Amino acid sequence: MSAVVPDDERFMAAAIRLSRRNLGLTATNPSVACLIVRDGVVVGSAVTAPGGRPHAETQALAMAGEAARGATAYVTLEPCSHHGKTPPCADALISSGVARVVVSVTDPDERVAGRGLSMLRDAGIAVETGVLETEGRAALTAYLTRQTKKRPHVTLKLAVSSDGMLGRLGEGQVAITGPVSRGQVHVARAETDAILIGIGTALADDPELTCRLPGLESRSPVRIVLDPRVELPPASKLARTARDVPVIVVAAREGEADVPGTPPSGLPAISLSRGEIGWESSFSSSENEESAAPRSDGKETISPSISPLEGEMAGRPEGGNPAAVPGEWRARAAALETLGVEVLICDPHRLGDLLAALATRGISSLLVEGGARTARSFLDAGLVDRIMLFTGPKAIGKGGIASPCVSGRMPQGFALRRTARYGADIFEEYERDE
Ligand SMILES: NC(=O)c1ccc[n+]([C@@H]2O[C@H](COP(=O)([O-])OP(=O)(O)OC[C@H]3O[C@@H](n4cnc5c(N)ncnc54)[C@H](OP(=O)(O)O)[C@@H]3O)[C@@H](O)[C@H]2O)c1
């Protein structure tokens, strides 16, 4: 029988901090950290590698070498117990000769769920769990959401003027917050698997949605546009940069942009989890498997090579949207695909289905950056887990686009977790109470 000792929390806190380093980079696997501690000295430490492999435990054990014998391993998530693309980390810990394993969070993945801990205990290793569990769960929140809710963890980011506006009609991007807040948004982008906007914002602002912090440029997330009628211009920054950082346009079937209920083209698919399955797209055929290669920075490249246009026609010649002229839709989609944009056929108004589809692709965290209607529909669908609210000092006044929520008037069920001052702006972070 093991027991928590005072140093356990100190080393676990260090492991949790380390685990955050590769958030958004580990593809379908969670970013986990492992410290090997012998006589109070860290002899091995590692975080899940970009792309998701190797896992933290095997790297930290390799670093520790013989010093692992009799040591304590601190792991932020229960070591895996199943044979996937890598052998079980529980086996690696057993053969290394560690005497004790301290874990923060038990893995909800049904193929692990306590089995990793049992394997260790059966091998005579002392095991302690639940150490700094709240902090551990916060660092793993995206992975845990995908595992338990089968959808990504959703953060809604809003920059609101002092009079509660997101922008001004017809004016494109309006500066609401200052450089410190904008830097924080870029940090959030770097830690996120995917970022999403509505076509209204894409047309009004022509944003790039990349992470442009010096040194973190390669950590830009996959960019997603809800674009029922495939209106994203090929000349937009998003389309022009699609070969550098993936862009997915989520479109309704041809002629069905205004017909509610188009199911996604490739559901359901697979249960992705740590150590078992690499990148697999439910939308790709087996010939496209090589398109799953991780980008050099560890973010996954989503191949634009799938042809969702083939075999996906709705066969509704009468159409649902008078503006969508048959042929033109196809031509617009083809023009975007030529630039490397993936056109994903899935009614963008069915957010639950879309998020489920994204989860099957291993997207665990999603940053929704507006605009107003998109933010409202995520809130209305109950699909927001966290809100990052930046309130700037200036008013927008006449012609303003109202934000669906402002400081002090948040949707029911959200609790204020943190406030900060970023230059002249106020930042508030809200989380949904579970
Ligand atoms: N301050 C900020 O934080 C911030 C951030 C982003 C944007 N903005 C501002 O917001 C303005 C744009 O906002 P917006 O409301 O016009 O546009 P939006 O929310 O970006 O996009 C709305 C468009 O997306 C389509 N769409 C597809 N699926 C949707 C879904 N599930 N929910 C909602 N819309 C969906 C809508 O199609 P249908 O027509 O078929 O419904 C509509 O055409 C711009 O002025 C921009 O500058 C501000």
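Colleague: Let's start with Ile387: leaving out residues up to four places away in sequence, which residues does Ile387 touch?
Modeller: Bear in mind that this is a predicted model. Skipping anything up to four places away in sequence, the contacts of Ile387 are Leu156, Leu158, Cys405, Met410, Phe414 and Tyr430.

Colleague: And in the largest nonpolar core, which residues touch the most other members?
Modeller: That core has 64 residues. Ile387 is on the list, and the others named with it are Val225, Leu232, Val249 and Val250.

Colleague: Which helix gives this core its largest share?
Modeller: The share in question is seven residues. They come from the helix spanning residues 351–360, which is H11.

Colleague: How many residues are in the other core, the one lying apart?
Modeller: Its members include Val32, Leu61, Ile125 and Leu132. This second core is separate from the one with Ile387, and its count is 46 residues.

Colleague: On to the sheet: which strands are its edges?
Modeller: The sheet is open, has nine strands with mixed pairing, and runs S11-S10-S9-S8-S12-S6-S13-S16-S15. An edge strand here pairs on one side only. That description fits strand S11 (342–345) and strand S15 (414–422).

Colleague: Within that sheet, what residue of S10 stands opposite Leu226?
Modeller: S9 (residues 222–226) and S10 (residues 247–251) pair in the parallel sense, over four bridges. Across from Leu226, the S10 residue is Val250.

Colleague: H12 packs on the sheet, so what angle does its direction make with that of S6?
Modeller: H12 touches S6, S8, S9 and strand S12 (365–368). Taking its direction against that of S6, the angle is about 140°.

Colleague: Which element supplies the largest share of the shell around the ligand?
Modeller: In total, 26 residues surround the ligand, the closest being Gly198, Gly200, Thr201, Gly370 and Gly371. Strands S6, S7 and S8 and helices H8 and H12 each supply at least two residues of the shell. The largest share, five residues, belongs to H8.

Colleague: How many residues of that shell are charged?
Modeller: The shell divides into 13 nonpolar and 10 polar residues, plus a charged group. That charged group numbers three.

Colleague: Last one: is Arg168 buried, exposed or partly exposed?
Modeller: Arg168 sits in strand S7, and beyond four places in sequence it contacts Val174, Ile396, Gly399, Gly400 and Ile401. Lys398, 230 residues away in sequence, is 7.9 Å from Arg168, C-alpha to C-alpha. Because 18 other C-beta atoms lie within 10 Å, Arg168 counts as partly exposed.

Note on methods: Residues numbered from 1 in each chain as written. Predicted model: local features only at pLDDT ≥ 70, side-chain atom pairs only at ≥ 80, totals over all residues. Near = placed C-beta within 6 Å. Nonpolar A, V, L, I, M, F, W, Y, C, P; charged D, E, K, R; others polar. Core = buried A, V, L, I, M, F, W, Y, C linked by C-beta atoms within 7 Å. Buried ≥ 20, exposed ≤ 12 C-beta atoms within 10 Å, placed from the backbone. Contact = placed C-beta atoms within 7 Å. Pairing = 2+ DSSP bridges. Axes fitted to C-alpha atoms, helices over the stretch in contact; angles between N-to-C directions.
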